[in-house]
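Open the model in your viewer and keep the selection tool at hand. The tour below says what to select at each stop and what is there.

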Amino acid sequence: MVVETAEFEPATATRSKRLVFSTSRANELNDYDITVEFLAASAADSQAAYRAIAELIRTRHARLLEQESKLVQAKIGYYRDLASQLQKWLDASGQASDQGQPSPPASRAELLERWIEANERLQQLEIAAAAVAPTLLSDSEVYVSGPLTTSSVRLSALAGLAVLVSVLLLSIALQTHNPTRRTTET
Amino acid sequence: MISAGEHFTVLLCGASFLLFLCYLAARHPVVFVSFFFIIFTLAWRMSATMFIDLKGPVYSSQLERTVGPGTATVIHSLAYFLTLLPFLYFFRRSVLEQWRIDAVRHRSVPGTISLADVTFIGSIVFIGLLFFDLVYGGSIPLFDRIERFNYAGGGAHRWLFRYGNFLTFWWGTIFAASRIRHGHPDWRMLGLLAATAAYAFLTGNRFSAFYSHISFFVAPWAAVLVLQQTSGATTFSWITRNFTLRASRLAILALAVALAGTVAFAIYNNLANVRGFREGQIWRQAFDRILIQPSEVGWASFERVFLAQQSDPQFVFWFLFQEPIAALRNTSIQYLMFASIGEPRTSAHILKGFQFAGGFPEIFFELFGIYMAWPFLLGAGCISAALTAIMVRSVIRGRFASAFLSVYVLYGFYVMYIGGLLNFVMPLTYWLKIAALIAALTAEAALARMGLALVPWELFRIPKFSRQGKPPP
């Protein structure tokens, strides 16, 4: 999905598609934050892949956010209605005792307790609804390292080869100039 | 894709290393046999790295990504050369000549209980316990389709799979020492090894147990090869010399075929009947295990450190030695897994006791960087070669405590070459092992000057009882 939607540079697109597909991995840092790591053929392609990933996350989160908002709004509506009904019953229970009208389905103390609970829950849901915000993915949190290079392979291999040749020469020199020492131990 | 030049370089480097191993087998059998446990691993891993480099991109089911193509073979082959090169110095011809002079060849006095006899009796009791536990326990993993690591077994079983390599090394030492002293090996030891192999087969082991037990058993035979190798030795003459009769050649060939068949059946049984793979999946699993998994972590590390230049030695040091996931296990592979598959998969695997293959030489480049790793690789090779030389020389001289303790110390390096382990130097017990080796070397040298041995071959004389009135002759 990412490699299909990312706008890679034409010259490096094939290589970047393969690299991003092969190397993408996510690390879960904590309950809220993740890091996404991948390789691409150039810094511009890395940014393009990042933007594609960010867009993908934004789209999916927006859909989730919409569903979540609908759910929260439905709950707010329910608790608002409940609180309103309880309020009416509370008022009615006060009047019933004074005027001899039919009493509500529960005692006044119980109605009061449930009215407080419903209001508290309503308040929590309204705060939660106000706090819900779309996922933010900022370009400033992108760290590009590289570029990919084969020069370090060559340089390191040369260093290794130098060590290898030095050891060979040293061994030959030691064997040539240092005749076997015979120990006296038996 | 890699260029034609890179393709050629990969082939050249990989083939050079494999040819070098053939050269060791042909012209330096002492090195080849004494260090076979690691040489086999290096050859296998080299082949897997070449496959990934040349045939990549290939999909790795464990990393959940593709690996290759590339030029990791170039770096890995140089690292392997640097590991083995010190052996040519520590086992040079002049040194072997000196060891031949030092060999203990005197025969046992008849009517004595020898170290071999005591070893055999003790081992028979142990193997009896092993099989008793297996039968008494009621379930045999091979027949009951139990995974080898799910089979708890008894105390003897757990001891065998913790210290089995040292046990088979000791049997191999007695096997070789008997050949040096009496001119023929102690075949009882080979019987013990065969019994252990049968037990490993019954308990659902596939390849590793056979490979490690046999490698540790044959390592002391290098001492016999030292005594057989003369200046005029021809290529592969150590094989023809040890198997002069046609019958013995046929016997060893039959043994090799039987062993290969057993291992092949064990692997098939495990994949088909225990893990429940079917047809194409079995082949795919075996293929992955043989040609991708040994080097997939190494290749991912190569890509990270060499191609993407994302090495962070300080963080690697902190992870390996200060804050690993499980400090009492191999922390190198924990880091390499973390860097390759991330969290929470790494912790989930490690805490379940599962780890990926590989670790060497990539952990050296992760920890020391792409230039400074080379001297450390050479240093590790020198220490391994020196300890192997001590082991072989000690078997020749009949200094069994030194031989055993040298392998005990060398074992840390073995695990480093197999799985990249570097934190083996951290526990105090490792330094106590080194101190014990130094003490054994000193004590055995001092006792040898007095004609004594710390672990003597002849332990005690069997008392002779004669008929009354007739004195013993």
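**Stop 1: loops of chain B**

Begin by selecting B:Pro344, which sits in the loop between helix H16 (331-341) and helix H17 (345-351) of chain B. Helices here are DSSP runs of H or I with at least four residues, strands are runs of E with at least two, and both are numbered from the N terminus. The peptide bond that joins B:Glu343 and B:Pro344 is cis, with omega about 5°.

Before moving on, note that this is a predicted model, in which local features need pLDDT of at least 70 and side-chain atom pairs count only at pLDDT 80 or more, while totals for chains, interfaces and linings use all residues. Residues are numbered from 1 along each chain as its sequence is written, chains are lettered from A and ligands numbered from 1 in the order in which they are written, and side-chain values use heavy atoms, with hydrogens and water left out.

Next select B:Pro361, in the loop between H17 and H18 of chain B. A cis peptide bond joins B:Phe360 and B:Pro361, again with omega about 5°.

Then go to B:Arg145, in the loop between helix H7 (141-144) and helix H8 (155-182) of chain B. B:Arg145 is not a glycine, yet its phi is positive, near 55°.

**Stop 2: two helix pairs in chain B**

Two packed helices are described by the angle between their axes and the distance between the axes. Axes are lines fitted to C-alpha atoms, for helices over the stretch in contact, and angles run from 0 to 180 degrees between N-to-C directions.

Select helix H4 (residues 72-90) and helix H18 (residues 362-397) of chain B: they pack at about 25°, with their axes 7 Å apart. H4(B) is therefore roughly parallel to H18(B) (under 35 degrees is roughly parallel, over 145 roughly antiparallel, 65 to 115 roughly perpendicular and the rest oblique). Among the residues that make the contact (heavy atoms within 4.5 Å) are B:Leu82 and B:Phe87 of H4(B) and B:Trp374 and B:Gly381 of H18(B).

Now select helix H1 (residues 4-27) and helix H3 (residues 36-55) of chain B. What is the angle between H1 and H3 of chain B? The angle is about 165°, and the axes are 10 Å apart, so H1(B) is roughly antiparallel to H3(B). The contact includes B:Leu11 and B:Phe17 of H1(B), and B:Met46 and B:Asp53 of H3(B).

**Stop 3: across chain B**

Keep B:Asp53 selected and add B:Asn242, which is found in helix H12 (residues 237-242) of chain B. B:Asn242 and B:Asp53 are 189 residues apart in sequence and 39 Å apart in space, C-alpha to C-alpha. Leaving aside neighbours within four places in sequence, B:Asn242 is in contact with B:Trp221, B:Leu225 and B:Gln228.

**Stop 4: between the chains**

Show chain A beside chain B. Their contact takes 36 residues from chain A and 44 residues from chain B. The area buried between chain A and chain B (accessible area, 1.4 Å probe, that two parts lose on being put together, summed over both) is about 3,200 Å², and carbon and sulfur atoms give 57% of that area.

How many salt bridges cross the interface of chain A and chain B? The rule (a side-chain nitrogen of Lys or Arg within 4 Å of a carboxyl oxygen of Asp or Glu) finds 0 there, while a search of the whole structure finds 12 over all chains.

For one salt bridge, select A:Lys70 and A:Glu66, whose side chains meet at 3.8 Å, N to O. About one helical turn separates A:Lys70 and A:Glu66, because they are 4 residues apart in helix H3 (residues 43-99) of chain A.
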